[in-house]
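Me: I should be grateful for a close look at a single part of this structure. Please keep the explanation suitable for a first-year student.

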Amino acid sequence: MMFHLKFRSCLPIKRILTSFALLLATVSVVDAEPASDDRQASSRLLVGQYAGELKSALLAAMEQGGPAKAIEVCRDEAPRIASRLSRQSGARISRVSRQHRNPAGMPEPWQREVLEQFSQQLQQQSSAQNGLEFFQADGRTERYMKAIRIAPLCLSCHGADLAPEIRAQLQQDYPYDQASGYQLGDLRGAFSVVWEPRP
Ligand code: HEC
């Protein structure tokens, strides 16, 4: 009964909020300026697409030629997919890590700070859901990051116990590799999406 009453009394407020939201939506259409949370949604979609394409390329390569073949895919395909999605969207999409394999994955200072926050959040809630995110909009630029954690699939190339042929190939391709020794669930790095400043 209490719940029923409460629910009914909320209805008019809901209606007011809805018309207000509609009004805002109309204004932003007239303005032709996408709201900053659109950018957050677009960032999420981009990261979803990047992660999805990477994963299927990785799985296909692992199936065809094992991890040694898949190293090539990570090396060649990951940057290719990232630059295609960046061209298509106008945002700069990349993967960064404090212990990077490719020096191109070295984080900028703001990205390093977000990675630090992610890792603290994970320490506080060790079995945390996998969706750690960051979004910042200051009126001109928008920046988004999403944590990447180690799954079983990743261990053959980022784990502690690498097969000798994998270790050898990684040493050859990435002499400054810092991206092994991880355990399941560890923070591996993050996807990053940076939008061009608005004019
Ligand atoms: C077949 C080996 C292999 C597997 C499996 C693999 N990776 Fe990688 N990973 C690599 C290589 C090689 C690079 C360097 C790619 C480059 O040159 O851009 C890399 C780079 C990365 C980077 C970019 C930052 C950096 O260190 O350069 C992230 C993040 C990453 N891997 C996460 C993962 C995750 C998460 C998984 C599991 C879902 C995974 N990787 C599975 C080989 C692998």
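How many bridges join strand β2 to β3, and do the two run parallel or antiparallel?

Reply: The model is predicted, and the account below should be read with that in mind. Five bridges join β2, which covers residues 133–137, to β3, and these two strands run antiparallel. Within this pairing, Q136 stands opposite R143 of β3. The connection between the two strands is a hairpin, with four residues between β2 and β3. In the turn of this hairpin lies G139, whose phi is positive, at about 100 degrees.

Strand β3 also has a second partner. With β4 it pairs in the antiparallel sense, here over seven bridges. One position in this pairing is Y144, which stands opposite V193 in β4. As for its surroundings, β3 (residues 142–149) is mostly covered, since seven of its eight residues are buried.

From β4 one may turn to the ligand. The shell around the ligand consists of 25 residues, and the closest are A70, C74, G105, C154 and C157. Strand β4 (187–195) is among the elements that give two or more residues to this shell, together with α2 (36–89) and α4 (155–158). The largest share comes from α2, which supplies eight residues. By character, the shell divides into 14 nonpolar, seven polar and four charged residues.

In summary, β3 pairs with β2 through five bridges and with β4 through seven, while β4 also gives residues to the shell around the ligand.

Notes:
Residues numbered from 1 in each chain as written. Predicted model: local features only at pLDDT ≥ 70, side-chain atom pairs only at ≥ 80, totals over all residues. Near = placed C-beta within 6 Å. Nonpolar A, V, L, I, M, F, W, Y, C, P; charged D, E, K, R; others polar. Buried ≥ 20, exposed ≤ 12 C-beta atoms within 10 Å, placed from the backbone. Pairing = 2+ DSSP bridges.
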